[in-house]
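Student: Could you zoom in on one strand for me and walk me through how it sits in its sheet? I'd like the cut-offs along with the story.

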Amino acid sequence: MEKILFSFLSPAPRWVNTPGRPLRGSMFDHRLVQTAVIGNARSDHPVILPMAAAELEAWRRRHPDHTYWCGYELGGCGGRLMDRLYRDKVCHFAHVAGGPTCGRAATGESSADHLFIKRGLRNLLSKHGQRGDVRTHDLGSGPGDAVDLHLPAGRRRLRFQLSRLDYRGWRTANLALGGDVDEVDWLFGSDDPLTEELLARNGYGLRFRLETVGGERRVYIGTQTYDERSLRWDPLEDCRIEQAGLLTPSAEALRASAQSPEPFAFPLDGSVLFALDKEAPVPDGSPFAAEGRRLVMADVKPLGSPIVRAVLSLPEDTALPPAQYVYRAADRARLLVREGSDGWAVHLDRFVRLNAHEAARTGLGGILPEPPQKQSAPAPRTRQPDHRPSVAPMKAQPPAANQKQRAKKGVTPTWDQAIVRVREILRASAPSGRTHRWKDLAAQLGEPLTNMSASKRIDFLVEVDSPLWDSKAVLSVLLRDESDLLSCLPDVLARLGVGGAEGLSADAKAVRTWADRERERAVALYGKPPQAVSRRLPVAGSAHTLTAKQRKELDGSIRRIQQYRAKHDRTRTKPQASTSQERRQVRDRVTLVERAMSVPGSAFKPSKQTRRTVHVARLWLTLAGPGAVMPANPSKQQQRALGKGAAEILAELTGTARELAVAKAKFP
């Protein structure tokens, strides 16, 4: 009894076990605990006990005043630990008798890796004079699931992922982590399909590992590229933390040598037809530019689809074919896309030219075949004008004459042909800034422009200007009704994705100012030679000139507002998807927490946060179950429950259970 009391009133005893002698301290915990924290139960200063007897004796001499604890940051009980020295087996920590019951899951030498990483990052921030915030996260399996470093000045976050993660979990976490930053750098400790996916996606990857050195776990950072799979490892203390993130001695050379990964490619079924437009400029900084490939604009017609303006990726060593002909892909074409980038491109390796008759049937042919001979010589009709001499002096209206001439030849352009023709007319007049009246254009081309409804006109002009890039002008600003802009122009701009056009009329000052500036861009883009132009601004903000820094700050503010609204949207009426197993786990955890709240007795009062956590979890169970009736106007607590997933609810309940376990020890 005196020995047990002594263990609470004096520093933890250090036992030595030698072969042939009975084990002293058999009343203590016999589990193999390799890690602890120093100082107190809430400390984040980790230590790993040397496993060899000689090393532990030397450790004791160097640190005679250290006290060891089964810390909360390790997922422990908060109880006192002692170091046990053995001559014939591994030395380890053990709980002092009389402490709380410990349910700590991880006790091996890697169980404190998150705290060693956390300490290493803090030391690195101090060494390089950078401001940042380092935090550990419990993602459901323990407090050591992840470590985050937030660099607010560089709008960057680093995530050290210690627990396993699949692609969907990574994508969800990446969106959440990127809410208040511009870049998120991921570092993984394991080698699995997700690391391979991100390596292929980014062209390079960052890894980490830890090695035991005495009472420390030393952190190493590894870098690799997609082409060179071997990892280059550098100690964390040799790395630099800057606003660009974590830089290892090898990282700069590897990132510079890392080639941009290929875009995602999806095969297109059926034949693909196209006609080149060599005069149209390719968007500057296209994400589909690649070594050995040439980008060119073309009108493309996939099988069973209408004609669309698109970027073609052709072999660079192949001369561009003449633009007046129509071609068909000889091999299977592929659709190229990049995640996070606007637009797309069509990848072709080989193509063949169509003859005139085949080209005419596609709608892409610029030169139509001659009509049959029996229709080209209407001999009886040539004498009919002798009976009607008044037909000759008709009013000379060139557009109407062109229309009658086309009608006489029996040629009526299709919808797709009319789109291509309107593009050609507007591009030809763009260098001079000349505008066209819609009714003159309709009279010149005839159907389908003459009897086009207002909604059809909007659809037509949207296709004329699609796809729209920043380095491409909106050709619809070169059209007018009489003397003013087209009344449907704001609707066209809104459909094209030009910001600020919604709800405005064509005579609004903002629309007029924006159209004048867009015409200036068209003059510069389609002039000979083309000139560089500034980025297209939103309609509502086109009257103000922003610097690059102001534009970046504005984009960041808008993004944060959108993210905040999405997070706190009170109109959410559906919970996040959950499985029956997840709901059962949440229900069991709620029961466990409620039982723990009632055990301590009347002297114990659960905190407000504890009661709120249980209440939100109960609401979540009510709303997430099958057949649940969603509230029309959810309360704040209901909205909070609707915004959480099963993993988040379980993590909060786990933390609450641990706090109650500590409180329970104070109320026997």
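Tutor: Buried here means under 20% relative accessible area, with exposed over 50% and partly exposed in between (1.4 Å probe, protein chains only). Strands are DSSP runs of E with at least two residues, numbered from the N terminus. This is a predicted model, so local features need pLDDT of at least 70 and side-chain atom pairs count only at pLDDT 80 or more, while totals for chains, interfaces and linings use all residues. Residues are numbered from 1 along each chain as its sequence is written, and side-chain values use heavy atoms, leaving out hydrogens and water.

OK, let's pick strand S17, residues 272-276. Five of its five residues are buried, so S17 is largely enclosed by the rest of the structure. Looking at side-chain directions, Val 272, Phe 274 and Leu 276 go one way, Leu 273 and Ala 275 go the other, and both sets are buried. That fits the general rule: in a regular strand, side chains alternate between the two faces of the sheet.

Now for the neighbours. Strands pair if DSSP finds at least two bridges between them. S17 runs antiparallel to strand S18 (residues 293-302), and five bridges tie them together. In that pairing Ala 275 has Asp 299 of S18 as its bridge partner. S17 is also antiparallel to strand S20 (residues 327-329), this time with two bridges. There, Leu 273 is matched with Arg 328 of S20.

Zoom out a bit and you get an eight-stranded open sheet with mixed pairing, ordered S16-S21-S22-S19-S18-S17-S20-S23. So where does this sheet stop, that is, which strands are the edge strands? They are S16 (264-267) and S23 (351-353), each of which pairs on one side only. From one strand to the next the twist averages 40° (axes are lines fitted to C-alpha atoms, and angles run from 0 to 180 degrees between N-to-C directions).

For contrast, try strand S7 (residues 133-137). Its side chains alternate too: Val 134 and Thr 136 face one way and are buried, whereas Asp 133, Arg 135 and His 137 face the other way and are not. S7 runs antiparallel to strand S8 (residues 146-151), joined by five bridges, and Val 134 has Leu 149 of S8 as its bridge partner. Back in S17, the side chains on either side are buried.

Methods. Helix = DSSP H or I, 4+ residues; strand = E, 2+ residues; numbered from the N terminus.
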